[in-house]
Amino acid sequence: MIAPTDFRLGLYVHWPFCQKRCPYCDFNVHEVGMGDSTDHQRWAAALVRELQHFAPLAQGRLLTSIFFGGGTPSLMQPETVAAVIEAAQAEIGFRNDIEISLEANPTSSDADRFSGFRDAGVNRLSLGIQSLRDKALLALGRQHTVEEALSALGHARDTFDNISFDLMYARPRQQFEDWQAELDEALALKPNHISLYQLTIEPNTIFEQLTRKGMIQPKDADETADFYLATRAQLEQAGFHGYEVSNHAREPHFQSQHNRLYWAYQDYIGIGPGAHGRLTTGGSKIATRQHRAPSVWLDHVEGAAGHATVTREVLSAEDRLAEALPFGLRLSEGLPLEHYADLAEAPLNARALAVLEEEGLLSTGAGVLKVTDQGRPVIDALARYLQS
Ligand SMILES: C[S@@+](CC[C@H](N)C(=O)[O-])C[C@H]1O[C@@H](n2cnc3c(N)ncnc32)[C@H](O)[C@@H]1O
């Protein structure tokens, strides 16, 4: 069971704006173009107001992490980031070792704000570099070159001790040897933490339309699995532990504390358009979701209610297990079987566990449920089977 001292409380803040939507992206994102006309003061006030609405649900617990995600939170004015952090400290309070992360795009104008974010209290920067090949950046519709990304990384290094960057791989037409070379170049940059995401063709994106028209050919499942296994091995060899399906850290203290709380199914408040939250209150776990459209979200937050919650439901034991299993299985260290038994108010299906263990897809040694390397590519199917 997760000891009470390990119990973590996070705050997710969604900034829904990007200069331009990337053609593969299906996140809740709205384009602002070059001349961003966002009313930053109005947004700062609204985010603080929604945070004040949720603060009582912390019930005396201190925040262990804050994550500014998007969208492109590096388009926020540092004053807005500071206002949210100050309100979080005043209304909820921080544990001493709080991690405060912000996702940034590696353009020079975003990099100009890095020191402002640090002064506002951000102590971890996650840079969306995506590729170290200019041709690939162009194909991904990115707004920066490799040179610009490396310069932003240098700037981030001068400003923060804790930096991560994201790369996307298994891209259409990507040659395996070239990816290995690109990854070696990325590792030579000596990040503390690196997130490696396989390109997914999401519904209702430009990449999906291009795939349907035969204009791009995504890699098939076998090729993607080969890329995945070789990528993990290359990272392990370079001294990066793959502590989660897509995330690798040079040392345990560089693991993303905020993302770890999602995988361990702990609590977080979610504010901003489309943000989700999961909070334990009165013995129940509640799921919250905020209005997605920025203008609707603003209207609701500025109205009498002071928040833009569109759904708030108590999760059943079945719901909790359905959410916690696929998340928990993503962590290489696994999670105790009692953690799931507590959430589901019943032990896990012993027969299904035995079958999957027999097949070498997961292990339950020392009472900890973990997937094996063979099981990792099929986590969602394993989670469904365990609930059948
Ligand atoms: C929503 S983005 C926000 C961060 C930042 N604005 C950026 O563009 O880098 C967060 C990360 O999700 C990943 N991502 C988004 N869409 C993806 C997709 N279709 N397939 C794989 N990774 C994706 C990218 O690596 C990206 O860095």
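**Figure 1. Polar contacts of the ligand in the predicted model.** A polar side-chain atom of D166 lies 2.6 Å from an oxygen atom of the ligand. The structure shown here and in the following views is a predicted model. Two ligand nitrogen distances involve the protein backbone: a backbone N or O atom of G71 lies 2.9 Å from a nitrogen atom of the ligand, and a backbone N or O atom of T200 likewise lies 2.9 Å from a nitrogen atom of the ligand. On its own the ligand has 550 Å² of accessible area, of which the protein covers 91%.

**Figure 2. The shell of residues around the ligand.** The ligand is surrounded by 17 residues. Those that come nearest are G71, N105, Q130, R142 and D166. Sorted by class, the shell comprises 8 polar, 5 nonpolar and 4 charged residues. Three strands each supply at least two residues of this shell, namely β6 (124–130), β7 (162–169) and β8 (193–198).

**Figure 3. Residue S101 in strand β5.** Strand β5 spans residues 94–104 and contains S101. With a relative accessible area of 0%, S101 is buried. The side chain of S101 is joined to the side chain of E99 by a polar contact of 3.5 Å.

**Figure 4. The cysteines C22 and C25.** The structure holds 0 disulfides. C22 takes part in no disulfide, and the nearest cysteine sulfur to it, that of C25, is 6.2 Å away. Seen from C25, the closest cysteine sulfur is that of C22; because the separation is 6.2 Å, the two are too far apart for a bond. A disulfide would require the sulfur atoms to lie within 2.5 Å. C22 has a relative accessibility of 14% and therefore counts as buried. C25 also counts as buried, because its relative accessibility is 15%.

**Figure 5. The open sheet of β15, β17 and β16.** This open sheet is formed by 3 strands in the order β15-β17-β16, with antiparallel pairing. Strands β15 and β16 stand at the edges with a single partner strand each, so one side of each has no neighbour in the sheet. Strand β15 (residues 335–336) pairs with β17 over 2 bridges in the antiparallel sense. Within the sheet, P336 stands opposite V368 of β17. Strand β16 (residues 362–363) also runs antiparallel to β17, and 2 bridges join them. The bridge partner of L362 in β17 is V371.

**Figure 6. Side chains of strand β17 and the hairpin with β16.** Strand β17 covers residues 368–371, and its side chains alternate between two faces. L369 and V371 point to one face and are buried. V368 and K370 point to the other face and are not buried. Two of these residues also appear in the pairing shown in the preceding view: V368 stands opposite P336, and V371 is the bridge partner of L362. The hairpin of β16 and β17 has 4 residues between the strands. In this hairpin, A366 takes a positive phi near 55°.

Terms used:
Residues numbered from 1 in each chain as written. Predicted model: local features only at pLDDT ≥ 70, side-chain atom pairs only at ≥ 80, totals over all residues. Heavy atoms only, no water. Buried < 20%, exposed > 50% of the residue type's maximum accessible area, 1.4 Å probe, protein only. Near = heavy atom within 4 Å. Polar contact = N/O pair within 3.5 Å; in protein donor to acceptor, adjacent residues only side chain to side chain. Areas by Shrake-Rupley, 256 points an atom, 1.4 Å probe, with all protein chains shown as cover. Nonpolar A, V, L, I, M, F, W, Y, C, P; charged D, E, K, R; others polar. Pairing = 2+ DSSP bridges.
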